[in-house]
Amino acid sequence: MKAGALLLKMIHIVYMSRAVRPLSDQDLQALLDQCRRDNAARNVTGVLFYSHGNIAQLIEGEAEVLEPLFDVISRDGRHSNVVKLVDKPIAARSFEDWSMAFHPLEPSGFEALQGFLLPQHVPPPPSTLSIADAMLVDLVRLAVFGADAAPTESEPAHA
Amino acid sequence: MREQQLQDVLRRIPAGVATLQGEALRFGFVNEAMQLVLGSPVQEGQPVAEHPGTIPTDLLEVMQQVFQSGRPYVAKAYCIPLPGTDGEKPTPRYFDIALEPVREGDAPVSGLLLFAVDVTVQEEARQRAHQLSIETRRLDTRLRVLTETVPQITFTVDAAGKYEYVSPQWYYFTGQPPTADLNAIWPLLIHPDDRLRVLYQSDSARAAGIGWSYEYRLRRHDGQYRWLLSRALPELHAPDQAVFWHGALTEIHDQRELAEALRRGEAELRFLADSIPELIWTATAEGFIDYYNEYTAEYSGLTKDELGPTGWINLLDPSEQAGAARRWVQSIASGQPYEGLFRMRRHDGRYRWHIIRARQLADERGPRWFGACTDVDDQHRLREVLQTQYDELARTNRDLDTFVYTASHDLKQPVLNLRGLFEELRRSASFDDPQESQIVHMVDEALGQLDATLQELAATVQDQRGLSAPVETLDLRSVADEVLLGLRAQVQESDAVVELDFSAAPTLIYGRANLRSILHNLFSNALKFADPGRPPHIVVRSALTESGQPILTVQDNGLGMELPGRPAPVFQPFARQHPHIAGAGVGMYLVQRIVASRGGHLDVTSTVGQGTTFTVYWFEA
Ligand SMILES: Cc1cc2nc3c(=O)[nH]c(=O)nc-3n(C[C@H](O)[C@H](O)[C@H](O)COP(=O)(O)O)c2cc1C
């Protein structure tokens, strides 16, 4: 393979799952730390939602990295019922880095964590996503956090 | 010496040995083992009855009887408990005790030989075995009660496939007599369609030494075939060597029928959904589509995978996607029904109007969504055509009103002149004939009527159309938008581009209905006289003249026209520059009349083949 001719195929994957048992703040923090480190190293970006055992995640990156990563994640014993919703090529990334949104049981201290968001502070899906994909992200967020943690009431970028 | 040796041997053997002498049965020789049996130390010469130790009274009595009768006696597993020290419970010990009378020749019995062999271990083992066998019998009974009362038929088959045991339920179920030959009859009761499979499956399971689980139909006593589940596990006597299979048959007929009915019902519903020429789909509680009917694929030209869980959004007209997506998320959040009118792309790229409706079904299986997209394109287009025709009629009507108004206005002057001339005529000419004077009177009356009618006409139209409405400050942009909305069919049809620029003078103080009428006529004129070789491009601008008076220009790139000397025939009623183009021809005339009536004037410049520019000087004559 000639290095210059490498056109890497970018994809994104969205799945939902259930935690096998409720994840504590410590569990989530450990996951956050590990994913931040590994994802940055592998150039994987996206977002993970967690609440009351409900999990949804969007990851984007090169297909050669993402497909095996999803295999590993889906076999992770911390969750089950992993249902893949989308797995398809994208023209460009929509997320700058990797982040995670959840309701900490002990709110203090989490603000300082890098890449952590409170559910109500999750921004609306980026306008680089197609409207169908943005709606998918809105729906998984709704499924994880419920209707109460509705997105910040600003109009989506492509209204 | 030999006596001594014998005593030594007797002392050491592990069985208890003692001699009892005389009628009083006094202890003679007592070896160590016997000392242990008796418990407390034994004094030589002491009668057994007086021994303070462990010898039970019944044994003492038997000793007496043996002495009396001279007949030996052996007691098996006789219990002589070891008294507990310090209040502990005595320990049971068991001995085989032999009592042997001693006599010299025919002499009477002179004493007894007492042997005691400790059989405690054997006795305890025997007792345990006894208890075990009682327990086994109990379990056995319980097992039998259980196997015979559970609703299942239980059975045992050997490695050759012969039935060793079948519970009585089999006989109840099949109605066979207890004498029936199980192995001969059973296969015959299996439904002919299942028989070979069942025999083969159980045969291969037995050959492989594994268990089985399969379903088949067995004939019941009433002749009905019922579905049963047969499950069996092997009993291994050596590793990999199964000797028996124990199993149970459970009747699953009703469940199977139910499942079958459900499957049939679902298949029928799916068939129904697939037969309807409408886009039908279902979605999960989270709002992800999990089923599209066949027609959806046919209509969109996309497979279920290509559409994906939210892909229906991609079918909508791009301008409608965001709103449709927002409302779907709201419906999922609230459970409220979804409804909307959208254009959906067909496989050939054409968009057709659809009503999309979805409702949530909440039952014990949890919430799900059922949706349908109904093609209303034909109705929608019909409505659009009707709307266009209605707009056209309304416009013509308005134009006619305006025409009547302006015409009545314009006729006022000639009527006035006529009346003046007539007065003049009446004054200067004399009518002698009374009939003539009556005619003069009639002409006078007719003139009066004409005048009144004209005034009434003008007043009626004025009221109806609001042409006489007081002036107000109007936002040019919003009135122009309103007018363009009425003309959207023509704009779309001709692919026209209309540029509005009112930045130089955004407002105008004018009559609303008048302004609308003027803009309408100018715009539709520009659209109507478009050059068929290029899409119309209309530029509408407001401006202020040097003297600060507002003007409006409407410039098109249409056919253009020859402009003769003034008064320009363009503005004459029924003057038609382009006879081949439909239109009443009164439009420009009306514009000119309205503008003039408000103290302004209309100007036109035009180049054939390039376009025309109208300029309205609102308040400059
Ligand atoms: C809900 C969930 C999301 C996860 N997301 C990621 C992720 O985005 N990136 C990642 O590297 N590991 C993620 N993991 C962790 C992986 O499953 C796996 O544990 C991790 O990659 C460690 O693998 P390793 O021990 O082979 O390094 C996730 C695990 C769970 C339970």
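**Exercise 1. Burial and surface**

Task: State what share of chain A counts as buried, and describe the exposed area.

Solution.
- Step 1. Of the 159 residues in chain A, 45% count as buried. The model is predicted.
- Step 2. The cut-off for buried is under 20% relative accessible area.
- Step 3. Turn to the surface. Chain A exposes about 8300 Å². Carbon and sulfur atoms supply 55% of that area.

**Exercise 2. Fold**

Task: List the elements of chain A in order, then say how its contacts spread along the sequence.

Solution.
- Step 1. Count the elements. Chain A has three helices and six strands.
- Step 2. Read from the N terminus. The order is β-α-β-β-α-β-β-β-α.
- Step 3. Take the contacts between residues at least 6 apart in sequence. In chain A, 75% of these join residues at least 24 apart.

**Exercise 3. The shell around the ligand**

Task: Find which residues surround the ligand and which elements supply them.

Solution.
- Step 1. Count the shell. It holds 17 residues. The closest are Asn39(A), Arg42(A), Gln57(A), Asp76(A) and Arg78(A).
- Step 2. Sort the shell by type. Nine residues are nonpolar, four are polar and four are charged.
- Step 3. Assign elements. Helix 1 (25–42), strand 3 (54–62) and helix 2 (63–75) of chain A each give at least two residues.
- Step 4. Pick the top contributor. Helix 1 of chain A gives the most, with six residues.

**Exercise 4. Polar contacts and cover**

Task: Give the distances from the ligand to the side chains of Asn39(A), Gln57(A) and Asp76(A), then the share of the ligand that the protein buries.

Solution.
- Step 1. Start with Asn39(A). An N or O atom of its side chain sits 2.7 Å from a nitrogen atom of the ligand.
- Step 2. Go to Gln57(A). Here a side-chain N or O atom is 2.9 Å from an oxygen atom of the ligand.
- Step 3. Finish with Asp76(A). One of its polar side-chain atoms lies 2.6 Å from a ligand oxygen atom.
- Step 4. Now the cover. The ligand taken alone exposes 620 Å², and the protein buries 74% of that.

**Exercise 5. Confidence**

Task: Decide which stretches of chain A to read with care.

Solution.
- Step 1. Check the average. Chain A has a mean pLDDT of 83, and 84% of its residues score at least 70.
- Step 2. Check residues 1–5 of chain A. Their pLDDT stays under 50, and the model gives them one contact beyond four places in sequence.
- Step 3. Check residues 152–159 of chain A. Their pLDDT is also below 50. This stretch has 15 contacts in the model beyond near neighbours in sequence.
- Step 4. Conclude. Predicted coordinates should not be read in detail where pLDDT is low.

Technical notes:
Residues numbered from 1 in each chain as written. Chains lettered and ligands numbered in written order. Predicted model: local features only at pLDDT ≥ 70, side-chain atom pairs only at ≥ 80, totals over all residues. Heavy atoms only, no water. Helix = DSSP H or I, 4+ residues; strand = E, 2+ residues; numbered from the N terminus. Buried < 20%, exposed > 50% of the residue type's maximum accessible area, 1.4 Å probe, protein only. Contact = heavy atoms within 4.5 Å. Areas by Shrake-Rupley, 256 points an atom, 1.4 Å probe, with all protein chains shown as cover. Near = heavy atom within 4 Å. Polar contact = N/O pair within 3.5 Å; in protein donor to acceptor, adjacent residues only side chain to side chain. Nonpolar A, V, L, I, M, F, W, Y, C, P; charged D, E, K, R; others polar. pLDDT = per-residue confidence, 0-100.
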